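Biologist: I haven't looked at this one before. Could you walk me through it slowly?

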Amino acid sequence: MTKLDSSAPSIVWFRNDLRLSDNPALDAAVKTGAPILCIYIHEKAELNFRVPQGAALWWLHGSLAHLNQSLRKHGGTLYALAGKAAEVIQAIAEETGARGVYWNHRYDPVGQEIDLGIKDALQTRGVQARGFTGLLLHEPSAVLTKAASPFKVFTPYWAEALSQGEPSLPLPVPAKMRFAPLPESLAKRFTYPYGLDPDPQKPDWAVQMRDLWKRSEEGGQERLGTFLEGELQGYADNRDRLDRQATSRMSPFLRFGNISIRQIWHALAGRQHAGTLRAANRDIEKFKSELGWREFSYSLLYHAPSLHRKNIQASFDAMPWRRDEAALEAWQRGRTGYPVVDAAMRELWATGSMHNRARMIVGSFLVKHLLIDWREGEGWFWDTLVDADPANNPANWQWVAGTGADAAPYFRILNPILQGEKFDPDGAYVKRWLPELARLPAGVVHHPWTASAVELRDAGIRLGEDYPRPIVDHDAARKRALATWKSMRDQSVASH
């Protein structure tokens, strides 16, 4: 074995923790006193093991580039590699004589299985392998019912999590870091074609996303500060309004670990204790519960390896979903004829993000108005969301579809017209993303097919040409969804 420094290095394997502050794995590796070797591995997707795609991959590339810049300020380098993690880690450990490998836990069962295999192989060779809690406030295995089983309902889950006390304080950036290089032979062997290029896509489809997001640790801290100083005030009442900037927009930063949930939690608690928040207690508690829902989603993923493929409620396995490629494409492209649905889908395509209330509306529309399998929607979001998360994305889709844990019942069918009128009363959101409807009066903008001939003419709209007519009638779709669900339920009861 070849040692590259005065001592064998400690390998820091970055994953969903692309930051220097409050990074337990990095902190522990530095405290060994050995030089650290910082790597990221682009792993290959496998059954039930998902890797970032599309918009999320774009976010990942930018985050890696910024992390490398941060390390360079301290004299180090981030090596972006590709391959099977076990093979990459073993080769680096053997070539460098590494004394240990450090990472922060991930919670998808396949990823955990990969990590366990790596840990066993390393320890057999006398190499230390240690994992830490860096992604969540609580390990999923630590928040269980009195019967030691996983929670299936959010409220008691969150009550139990909160009863375990305040999370530990965030860690600072390590004061002194020494670095070890990656042998050139290994860099060539496991090279990632895009390296640390933050924008490898050609053609460049991320113009609006680049203007909107700062994919870095600094960007996460800035967004948090802006939220706590502004949008948090009135959060409980305003977070569902589509026409207002009233949400945290922290999800992509949390997804890739540009910021840690402990940093968010303690920044909130610190300002609350100091009395510098203008927000009411109900705003603060509502935001905390949203962080709690993320924790709950990871608990579901931890205990359900096929969360993105398999219904949590097995009775829905018999649901006769429709195959309708034309309707699916209309939904994906924002051409359903329902303005609030179409605006949300076009916002997603342009920005890589979508308002949480809008996610509920478009999800309900796909699953219940169109009777299309929720997995089609989850897959589309996986490709188009910058915050596409292996836990939140499928857990939330199953919630909307009525197939998941603590889910909204299937018979709760959101009316896209009423949802638009309630949460975008003046049509500002719709008009922003559907400029072809910008001149319609607010009273008809959420149902342009009811506009008079004069209103359509004055707005410069020819229904069916400039903007589509509804691809399905709301009342008919609602009746069809309820009848289909009732038939499925009756068959399930009869079979038992």
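Modeller: We can start with the whole chain and then turn to a few places within it. Please keep in mind that this is a predicted model.

Biologist: Okay, how many helices and strands are there in the chain?

Modeller: The chain holds 21 helices and 5 strands. Its radius of gyration is 24 Å, close to the 23 Å that the globule rule gives for 496 residues, so the chain is as compact as a globular protein of that length. Along its principal axes, the C-alpha trace spans about 80 × 55 × 50 Å.

Biologist: And what share of the residues is buried?

Modeller: Buried residues make up 57% of the 496 in the chain. If you take the contacts with a separation of 6 or more, 79% of them are between residues 24 or more positions apart.

Biologist: What about charges, how many side chains of each sign?

Modeller: There are 61 positive and 57 negative side chains, and the centres of these two sets lie 1 Å apart.

Biologist: Let's switch to helix 1. Why call it largely enclosed?

Modeller: Helix 1 covers residues 24-31, and 7 of its 8 residues are buried, so the rest of the structure largely encloses it. The buried ones are Pro24, Ala25, Leu26, Asp27, Ala28, Ala29 and Val30.

Biologist: What covers those buried residues?

Modeller: The cover includes strand 1 (10-14), strand 2 (36-42), strand 4 (100-104) and strand 5 (128-132), together with helix 11 (261-274). Just after helix 1 comes glycine 33, which takes a positive phi of about 85°.

Biologist: Where is leucine 20, and is that residue buried or exposed?

Modeller: Leucine 20 sits in the loop between strand 1 and helix 1, and at 4% relative accessibility it counts as buried, because the cut-off for that word is under 20%. Leaving aside residues up to four places away in sequence, leucine 20 touches several residues, among them Leu26, Leu67, His74, Pro172 and Glu217.

Biologist: New topic, where is histidine 446?

Modeller: Histidine 446 lies in the loop between helix 19 (428-433) and helix 20 (453-459), and it is buried, with a relative accessible area of 3%.

Biologist: Which residues does histidine 446 touch?

Modeller: Not counting residues up to four places away in sequence, histidine 446 touches Pro339, Val340, Ile417, Gly420, Glu421, Asp424, Gly427 and Val430. With glycine 420 there is also a polar detail, as the backbone oxygen of that glycine lies 3.1 Å from a polar atom of the side chain of histidine 446.

Technical notes: Residues are numbered from 1 along each chain as its sequence is written. This is a predicted model: local features need pLDDT of at least 70, side-chain atom pairs count only at pLDDT 80 or more; totals for chains, interfaces and linings use all residues. Side-chain values use heavy atoms; hydrogens and water are left out. Helices (H or I, at least four residues) and strands (E, at least two) are DSSP runs, numbered from the N terminus. The radius of gyration is taken over C-alpha atoms; the globule rule is 2.2 Å times the number of residues to the power 0.38. Buried means under 20% relative accessible area, exposed over 50%, partly exposed in between (1.4 Å probe, protein chains only). Contact means heavy atoms within 4.5 Å. Lys and Arg count as positive and Asp and Glu as negative; His and the chain ends are not counted. The place of a charge is taken as NZ of Lys, CZ of Arg, CG of Asp or CD of Glu. A polar contact is a pair of N or O atoms within 3.5 Å; within protein, one must be able to donate a hydrogen and the other to accept it, and residues adjacent in sequence count only if both atoms are side-chain atoms.
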